[in-house]
Amino acid sequence: MMRKTSVILLSAATGAALTLFVTQPRAVLMGSSARAATSDTYRQLNLFGDVFERVRSDYVEKPDDSKLVESAISGMLAGLDPHSSYMDAKSFRDMQVQTRGEFGGLGIEVTMEDGLIKVVSQIDDTPASKAGIMANDIITNLDDEAVQGLTLNQAVEKMRGPVNTKIRLKIIRKGQDNPIDVTLVRDNIRVRSVRARTEGDDIGYIRVTTFNEQTTEGLKREIGNLTTQLGDKLKGFVIDLRNNPGGLLEEAVTVSDTFLERGEIVSTRGRNAEETQRRAAHPGDLTKGKPVIVLINGGSASASEIVAGALQDHKRATLVGTRSFGKGSVQTIIPLGSGNGALRLTTARYFTPSGKSIQAKGIVPDIEVLQDVPDELKSRTDTKGEASLRGHLKSEGDEKTGSQSYVPPDAKDDKALKMAADLLHGVKVNATAPATGDKAAIDKPANKVAN
């Protein structure tokens, strides 16, 4: 039997890419230990049934049976890890809409922390970014209703809504004594995931804000435009993945493939060895071997880390900035039938081409560059990372938390971008290179990648 599922990589974003999941036949014969475990499981299920019936019959008010079941499912999944969850039918539809890169809402990526909604990042040119909402802001109230007690999906549903309708947010911001009240007008959020410009008169700068179904095509279009615009003057490309929370696995693979001629891009490994999958590059570097610099920071997560890790391992790009978020797991979207929503279930870890897991560690840039931060923002320049999330999958080895995620709004103050430009111009720089990457990687053509 085949079941359509969707594979996503995200920190707090949603998205899906169609793939096939084949259920394997279970062995009929069981040993005594397996029978004992099964018997114990049935006892626990009987306990659940007893509690369910007692709540239905004795709770002070008549409960909604369907909500009881949904809450039980949500609780079960929430106990696994921060990225597994249940989506009801509406949430599932909303996720599919967002995957296409267009939905009605505010334009923020959020996660749940200690029962409150924490902003991971805001999407450019949306009501949230225009209102000045920042990463690490804590949302405590939505239209005077406390967020405490809501699930993440419930809070997200309340923030979404028809275009041109208003919603009030109460925000706690580190370094501010009093809560901030903000009124936003919902808009049609078109997630333009790729933006580009020329930097100086000889560098192509491309910012990737998320990985949705349009990302790879947008990237290819902008590479073509910049190549035509700059012609022979083109020194190379800067790919900015800072504060990109992730998205679709398939898009991470195809974005990486855009710069590679051959070699593994990523491998995903589930509980069973036979579930390991490897994705490889196809011939055809769209940049024709031009040097590439990739900018990352503490807000670069999941799909962003796949791209950064693949290009770093193949020495196809030099990574500049600060250590990434460290989300090294894969979520599979499993539809549960008509009207029943879907599971977002962590089903695998992913590994870079060299076989490294970045779970709860992050990717260390080849050249670390710390930004100068205004005094009033210094309290919010670090992102704690995957390792700080309650219930996260443990890493293989020491875990790392905390990395700067501040990006100056004015390019002239952007030290990481300046470093990238200096490298592309061949300027000798004095910088720490904490990773095993090679600063000279930008001078190596794409057909010399390591396999």
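**Two helices and an aromatic pair**

Hi everyone, let's start where two helices touch: T215, T216 and L219 in α6 meet E251, T254 and V255 in α7. Sorted by character, the residues of this contact divide into two nonpolar, three polar and one charged. Please keep in mind that we are looking at a predicted model.

Now, how do these two helices lie relative to each other? Helix α6 covers residues 215-230 and helix α7 covers residues 249-257. Their axes come within 9 Å and cross at roughly 20°. Angles under 35 degrees count as roughly parallel, and α6 and α7 are therefore roughly parallel to each other. As for the hand of the crossing between α6 and α7, it is right-handed.

Let's move on to the aromatic rings. How many aromatic pairs does a search of the whole structure find? The answer is one. The partners are F48 and F52, and their pair is stacked, with 6.2 Å from centre to centre and 25° between the planes. Both residues belong to helix α1, which spans residues 32-58. Because F48 and F52 are four residues apart in that helix, about one helical turn separates them.

One last thing about this pair: is each ring residue buried or exposed? F48 has a relative accessibility of 44%, so F48 counts as partly exposed. F52 has a relative accessible area of 18% and is buried; the cut-off for buried is under 20%.

That's my tour, so do have a look at the model yourselves. Thanks for listening!

Methods. Residues numbered from 1 in each chain as written. Predicted model: local features only at pLDDT ≥ 70, side-chain atom pairs only at ≥ 80, totals over all residues. Heavy atoms only, no water. Axes fitted to C-alpha atoms, helices over the stretch in contact; angles between N-to-C directions. Parallel < 35°, antiparallel > 145°, perpendicular 65-115°, else oblique. Left-handed = near helix turned anticlockwise from the far one by under 90°. Contact = heavy atoms within 4.5 Å. Nonpolar A, V, L, I, M, F, W, Y, C, P; charged D, E, K, R; others polar. Phe/Tyr/Trp six-rings, centres within 6.5 Å; stacked < 30°, edge-to-face > 60°. Buried < 20%, exposed > 50% of the residue type's maximum accessible area, 1.4 Å probe, protein only.
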